[in-house]
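Let's look at how the labels used for a structure follow from its numbers. Each question below asks what lies behind a word.

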Amino acid sequence: MKRMTHIFCTGSFRQFRLAACTILLLSSGAAEAALKVVTTTPDLAALVAEVGGDHVDVMTMSRPDQDPHYVDPKPSLVVDLARADLLVFNGLELEIGWLPPLQVNCRNAAVQKGGTGYFDASRYVKVMEADREANRAMGDIHPGGNPHYLYDPREGAKVAVALGNKLAELIPAQRAFLLQNAEKVAGSLREIAKREAERFRGLSKDQRRVVTYHRSLVYVIDWLGLERPLNVEARPGVAPTPGHVARVLSTMRSQKIKTIVQERHYPTKTSNTLARMVKAQVVVFPGGASFADKKELYSQRIQRTVEALYDSLSR
Amino acid sequence: MQTRPRLFSLLTIKSLDEQYPMIDLQLSFRLGAIFSLGLLLSQTGIASEPVPQDTIPAPTTGAETATPKSADQLANRVKALEEMVELMSSLQSAAPAAPAPVAAAPAARPEASNLDIALILDAAAAWFSQEALQTGAHDPSDTGFHLQQLEMCLGENVDHLFELKANLVFSTFGVEVEEAYGRTLSLPGGFQLKAGQFLTPMGRLNLTHPHTWSFVDQPLVNGTFLGSEGSRGSGVEVSWLSPLPWFADIVLSATEAAGECCARSFMSGDDLGIRTPLDLVYTLGLRQFFELSDDVGLAWGLTTQQGPNSTGNGNRTEIYGTDLYLRWRPAAATSRMALSWTFEGMMRRRQIPGGLRVDLGGYTQLVWNLNPSWEMGARYGYVSGSEGDDLIPEATEDRHRVSGQVTYRPSHFSRLRLQGSRDQPLYRDEPIWVGMLAVEFLVGAHGAHSY
């Protein structure tokens, strides 16, 4: 249909062209509706939208201000998933607490494990902490590895390329555009990664020391060459204990750490108290791109995140 | 296609947990025979298709393929390829179940079939001011210590069509299969089929297991109308997700009524056997969900259950119920607080020798999750009573029960609950005061809970 539209519209029927093309475009619009993509997180939604352009219709199941581990599996999400052509999720058990029942209840063959529209983004990244000993006595640890890889644009770039391949497989007519666009997105992400890593390396070793709240920022630490002696939470996912907070306090004092980094969806009370006591700053990372309301790109949100961090570290 | 090689893989689960080294399961999936037959047929199909020999691109070296001698040759090759594509797509539609060739299947990888296993232990200490009247089979039922249950949940995709779920309960009386069913993953048209033994879709709480409940014991109406184990049975269930813009799901199940534990308003006593389809218990439900805002959701269910009862030949029971679940959870709240209100009401009509008995029952509860560690809740439950109840002869008057609970969760794999109740069966002289202290521990794959 698309090809026909093209031939007809570039033909020589000048006076009928506009009207005829409008009709054809309307009908071809129905035949070639944008691919419906549902993602679990706004970062993934932003990446899909940027790679897929007009050929995808993207919605995210969670918001950037929401903890992606604890999304309510609302039945309305079942309806969204039932109509999706492609499910893009973070993987590494980030969504283990809410995605599986939605998948089974939606009865959509495409998004089931192994279906044509089942895309686990974690399969395309270099996973950190995958070989770590995992036992629940240590807290809420994801045995497959740390799932928060999208804080690192180098990993985001790999996901963009893989998404390009997946979208090209599902929209073969746009294959060339999608692959090229994915490469373009990935290229700009790699560039940001390189530029920022160099900028942070310009800071002194003391300035590059931070405390993080949850054990979710290992990818940022690796990317920007930071040093993190410990987390505010003694065990991931378990509220900080007084004894451990005291330890964090003395470490911050002795190592002169001036920055605590945490995500938007974690409580800030303990971090703020610590910051007040040692005159440090709390840098709050967004949980993801402001995709649904502001159509923020993934690269923009990475830039926004590191900017705040750099400002604090370079004080 | 990617899921198919798993059929031929061998799965070995070394041990559930170091604490339970005895439970060593070896499961092997050998479902290949049927699919191999399908494969054989499809391959025969390729061989017998009359395709001109000269147009089939024979396996050639790379150099030959890369340098076609003329435009004619190129056109021929394209034509041959088009025919192959056509042939392949016809095969796809003719034999969708044919797996990838066995030889091409990758070597068995441990992740090809990850059987999810969880063990959940519920234990409680209880105190009753007088003889207890608990209705649930796993409720603490007298003063003292109780092993409520050791529940084992298992589940995994069987293949690309089905998943299997099982809930086995180990108690001091032995092992009980609470649920064991297969369910389709992706039938077209929004349909889903379930077969095996399962909890019927009667109301809201009935579909869930005790480890998801906010209170230590079962609501009065569930134990009195449905069964001490809830309403369940062997049978089949079909559900349909409607194409409406909001969640609206219709479900119908047909089950064999199985005793006082699980169908007490139906064939609670003598099982009269199944002679006609009318001897089965049918449950019909409509479940809807309305997203009032990002933070507020309302689930509404309408259900009915109908089937024979054991009070006499031809006597039948009907239960009608409605349930509401309103949940406010500010998505952006870092405390992860949530406030949930539940209401379930049921009306039961039973034909008994000499007339028709109508009973009412229900409960309402409000649960406040302050943060991931603390929760508190209040519940009120009611069942009507009158003279001549053949199921509970002593229940000559109404019964009211008010309960309150406080829960502490060190992590999401353990919880400690303190619950107090004032149980007032009006046919007793004094109310029953109840105190319970319950612990729950979970190891293994923690399956996600439904909304």
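Q: What makes R379(B) count as a charge over the ring of F215(B)?

A: The charged end of R379(B) is 4.6 Å from the centre of the F215(B) ring and sits over it. The term asks for NZ of Lys or CZ of Arg within 6 Å of the ring centre and within 35 degrees of the ring normal, so 4.6 Å fits the distance limit. Two notes on the ground rules: this is a predicted model, in which local features need pLDDT of at least 70 and side-chain atom pairs count only at pLDDT 80 or more, while totals for chains, interfaces and linings use all residues. Residues are numbered from 1 along each chain as its sequence is written, chains are lettered from A and ligands numbered from 1 in the order in which they are written, and side-chain values use heavy atoms, with hydrogens and water left out.

Q: Where does R204(B) lie relative to Y325(B)?

A: R204(B) lies over the face of Y325(B), 3.8 Å from the ring centre. Y325(B) also belongs to a cluster in which ring pairs link it with F289(B) and Y451(B).

Q: Why is the pair of Y149(A) and Y219(A) called edge-to-face?

A: Their ring centres are 6.4 Å apart and their planes make an angle of 80°. Rings of Phe, Tyr and Trp (its six-membered ring) pair if their centres lie within 6.5 Å; planes under 30 degrees apart count as stacked, over 60 as edge-to-face and the rest as tilted, so this pair earns the name edge-to-face. The whole structure holds 12 aromatic pairs over all chains.

Q: What does the pair of Y149(A) and Y219(A) tie together?

A: Y149(A) lies in the loop between β4 (118–120) and α6 (153–170) of chain A, and Y219(A) in helix α8 (residues 218–224), so the pair ties together parts that are 70 residues apart in sequence. Helices (H or I, at least four residues) and strands (E, at least two) are DSSP runs, numbered from the N terminus.

Q: Why is D72(A) called buried or exposed?

A: D72(A) has 13% relative accessibility. Buried means under 20% relative accessible area, exposed over 50%, and partly exposed in between (1.4 Å probe, protein chains only), so D72(A) is buried.

Q: How do you know that D72(A) makes polar contacts with the side chains of R327(B) and R329(B)?

A: The D72(A) side chain is 2.8 Å from that of R327(B) and 3.4 Å from that of R329(B). A polar contact is a pair of N or O atoms within 3.5 Å; within protein, one must be able to donate a hydrogen and the other to accept it, and residues adjacent in sequence count only if both atoms are side-chain atoms, so both distances fit.

Q: Why is V439(B) called partly exposed, and T224(B) buried?

A: V439(B), in strand β18 (residues 432–444) of chain B, has 25% relative accessibility, so it counts as partly exposed. T224(B), in helix α4 (residues 220–226) of chain B, has 8%, so it counts as buried.

Q: Which residues of the largest nonpolar core touch the most other members?

A: They are L47(A), V159(A), F200(A) and L309(A), in a core of 57 residues. A nonpolar core is a set of buried Ala, Val, Leu, Ile, Met, Phe, Trp, Tyr and Cys residues joined through side-chain atoms within 4.5 Å. Helix α7 (residues 175–201) of chain A gives the most to this core, nine residues.
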